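Me: I have a structure open and would like to go through it slowly. Could you help me read it?

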Amino acid sequence: QVQLVESGGGLVQAGGSLRLSCTASGIMNRIYRMAWFRQAPGKQRELVASITGSGSTNYADSVKDRFIISRDNAKNTVYVQMNSLKPEDTAVYYCNVVVGQLLATASTYWGQGTQVTVSS
């Protein structure tokens, strides 16, 4: 059974930093991609950043140059370092893991979410 455990959320002032981490357990296949999504009240869930097994990264325009995603393959853990936080970054952040050899047949798993609140 795949489980994703997130940590690192909290309350921070604008301009501050937080680091989220997510560790996946029960993975029996290749991890194709690890990512962070977020969902603010009244808005759709959106991709924040993703990283593939080879280290290729992708960022939402709104977080480029402020957030850095990384992963520790040995620990099945993904991190996102969030700097220069803004009130509009306030949301529930979800870890997302895609498992499988091919994207077309892969399985997707979600963490339970961690709240990030940025005060002005």
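Reply: We can talk through a sheet, the core and some charged pairs. This is a predicted model, in which local features need pLDDT of at least 70 and side-chain atom pairs count only at pLDDT 80 or more, while totals for chains, interfaces and linings use all residues. Residues are numbered from 1 along each chain as its sequence is written, and side-chain values use heavy atoms, with hydrogens and water left out.

Me: OK, in what order do the strands of the open sheet come?

Reply: The order is β1-β3-β8-β7, with antiparallel pairing; strands are DSSP runs of E with at least two residues, numbered from the N terminus, and two of them pair if DSSP finds at least two bridges between them. At the edges are β1 (3-7) and β7 (67-72), each of which pairs on one side only.

Me: And how many bridges join β1 and β3?

Reply: There are 5 bridges between β1 and β3, which covers residues 18-25, and one of the residues involved is Val 5, whose bridge partner in β3 is Thr 23.

Me: Staying in β3, is Ser 21 buried or exposed?

Reply: Ser 21 counts as buried because its relative accessibility is 16%, where buried means under 20% relative accessible area, exposed over 50% and partly exposed in between (1.4 Å probe, protein chains only). Its side chain also makes a polar contact with the side chain of Ser 7 at 2.8 Å; such a contact is a pair of N or O atoms within 3.5 Å, and within protein one must be able to donate a hydrogen and the other to accept it, with residues adjacent in sequence counting only if both atoms are side-chain atoms.

Me: New topic: which residues touch the most other members of the largest nonpolar core?

Reply: They are Trp 36, Phe 67, Val 78, Met 82 and Tyr 93, out of 29 residues in that core, which is a set of buried Ala, Val, Leu, Ile, Met, Phe, Trp, Tyr and Cys residues joined through side-chain atoms within 4.5 Å. Strand β9 gives the most to this core, with 5 residues.

Me: Which residues are linked in a network of salt bridges?

Reply: The network links Arg 38, Glu 46, Arg 66 and Asp 89, a salt bridge being a side-chain nitrogen of Lys or Arg within 4 Å of a carboxyl oxygen of Asp or Glu. Asp 89 meets Arg 38 at 2.9 Å, N to O, and Asp 89 meets Arg 66 at 2.7 Å, N to O.

Me: And is Asp 89 buried or exposed?

Reply: Asp 89 counts as buried, at 1% relative accessibility.

Note on methods:
Helix = DSSP H or I, 4+ residues; strand = E, 2+ residues; numbered from the N terminus.
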